[in-house]
Amino acid sequence: MRFALGALLWISLNVAAAEAPLRFVIPDSWAMPMVQLDHGRPTQGILYDMMLSLATQVGVPAEFHVLPRTRVQNAMEHGEVDVRCYAAQSWQPSQSGDYIWSIPLWTQPDVLITRQTPPSAVIAANLPRQSIGTVLGYSYPTLQPLFDADQLQREDARNQEQVLEKLHAGRYRYAVSNQWTLDWFNQRLLPEQQLKRVAVLQEQRVGCYVRNDPKVPVQRILRTLLRMKMSGEIDDIIRLYIGG
């Protein structure tokens, strides 16, 4: 009897371990079409759908941890979460800890946008002194020398969608956005009201990185991400939200 109980306990523990959730971190500065947060919980969006599909294909439940952007890397380093997506290695120049990166999954341009198409090409370095719409805590390497010289000033909002809303309301003449959020925002506006892209500031190749821990199925995660990319599944998810 004691042997049977011990075997049952061993099986139960192994089943529990096999079903340990894959813990994804979501910065609270994300907005649609990346993620929709309702009462602090993700409910839809490109990255939400992708991460949910990833966990399903790996064969474990998905668990989402919504954190302030400044807490994200600390949570990875302390083993509170396992996977961070929509990140670039250039954003982590002094990254500590043991991580393995996926292949690049997206190429995401940061673009300078305005409400009305200007009569001539816009070069950020030639803009007169003014405020530019930005996201709190985000880095903009192309614009940083202009911020340092006080030629341009950051006007930070909590997330990217708020930046676009303030631009649309006329709070400033120019703002910086990623292409996904710009496309999503413009879908609800008439053509003459849509925000205009006037310059590409930089392009980032972004992917996911995984905490290299024996308790995390690292290689299964990376293989699954590669398969999702090569099969076109990730691009299909993007098209669901912002079309081609």
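Tutor: Let's fix one term before we start: helices here are DSSP runs of at least four residues, strands are runs of at least two, and both are numbered from the N terminus. The model is predicted. With that in hand, Pro21 falls in the loop between helix 1 (2–18) and strand 1.

Student: What makes Pro21 partly exposed, rather than buried or exposed?

Tutor: Its relative accessibility is 30%. Buried needs under 20% and exposed needs over 50%, so Pro21 lands in between and counts as partly exposed. As for where this loop residue sits, the C-alpha atoms of Pro21 and Asp82 are 9.5 Å apart, with their positions 61 residues apart along the chain.

Student: On to the cysteines. Why is the pair Cys85 and Cys208 called a disulfide?

Tutor: Their sulfur atoms are 2.1 Å apart. The cut-off is 2.5 Å, and 2.1 Å is within it, so the pair qualifies. A search of the whole structure turns up one disulfide.

Student: What makes the disulfide of Cys85 and Cys208 right-handed?

Tutor: The torsion about the S-S bond is about 105°, and therefore the disulfide is right-handed.

Student: Which parts of the chain does the pair tie together?

Tutor: Cys85 belongs to strand 5 (residues 83–87) and Cys208 to strand 11 (residues 196–211), so the link joins parts 123 residues apart in sequence. Both Cys85 and Cys208 are buried.

Student: How do you know that strand 5 and strand 11 pair, and in which sense?

Tutor: Count the bridges: four join strand 5 to strand 11, and the two run antiparallel. Pairing takes at least two bridges, so four is enough. Within that pairing, Arg84 has Tyr209 of strand 11 as its bridge partner.

Student: And what makes strand 1 and strand 5 a pair?

Tutor: Two bridges, in the parallel sense. Since at least two are required, two bridges meet the rule, so this counts as a pair. Here Val25 stands opposite Arg84 of strand 5.

Student: Why is strand 5 described as largely enclosed by the rest of the structure?

Tutor: Five of its five residues are buried, so the description follows. Take Tyr86, which lies in strand 5: its relative accessible area is 9%, under the 20% limit, so Tyr86 is buried. Tyr86 also has a positive phi of about 60°, although it is not a glycine.

Student: Is His39 buried or exposed, and how do you know?

Tutor: The relative accessible area of His39 is 84%, over the 50% limit, so His39 is exposed. His39 is in the loop between strand 2 and strand 3 (41–44). Its phi, near 55°, is positive in a residue other than glycine.

Student: What makes strand 2 and strand 3 a pair?

Tutor: They share three bridges in the antiparallel sense, and at least two are needed, so they pair. Asp38, for one, has Arg41 of strand 3 as its bridge partner. The hairpin has two residues between the strands, and His39 is where the positive phi comes in.

Student: Why is the peptide bond from Met32 to Pro33 worth a look?

Tutor: That bond is cis, with omega near 10°. Pro33 is in the loop between strand 1 (22–27) and strand 2 (36–38).

Student: Now the pocket. Why is the largest pocket said to lie between domain 1 and domain 2?

Tutor: Domain 1 (22–108 + 205–242) and domain 2 (109–203) both give residues to its lining, so the pocket lies between them. About 420 Å³ of space lies in this pocket. Its lining has 23 residues, and the closest to the centre are Arg69, Arg84, Trp91, Tyr138 and Ser139. Helix 3 (69–77), strand 5, strand 7 (106–114), strand 10 (174–178) and strand 11 each give two or more residues to the lining.

Student: How do the lining residues divide by type?

Tutor: There are 10 nonpolar, 10 polar and three charged residues in the lining. Arg counts as charged, so Arg69 and Arg84 are among the charged ones.

Student: One more from strand 7: what makes Thr107 partly exposed?

Tutor: Thr107, in strand 7, has 46% relative accessibility, which is neither under 20% nor over 50%, so Thr107 counts as partly exposed. Its C-alpha atom is 5.6 Å from that of Gln204, a residue 97 positions away along the chain.

How values were computed. Residues numbered from 1 in each chain as written. Predicted model: local features only at pLDDT ≥ 70, side-chain atom pairs only at ≥ 80, totals over all residues. Heavy atoms only, no water. Buried < 20%, exposed > 50% of the residue type's maximum accessible area, 1.4 Å probe, protein only. 1 Å grid on protein atoms, 1.4 Å probe; cavity = no way out; pocket = protein on both sides within 12 Å on 5 of 7 lines; lining within 4 Å. Points joined across faces, edges and corners; volume = space filled by probe spheres on them. Domains from an automatic or database assignment.
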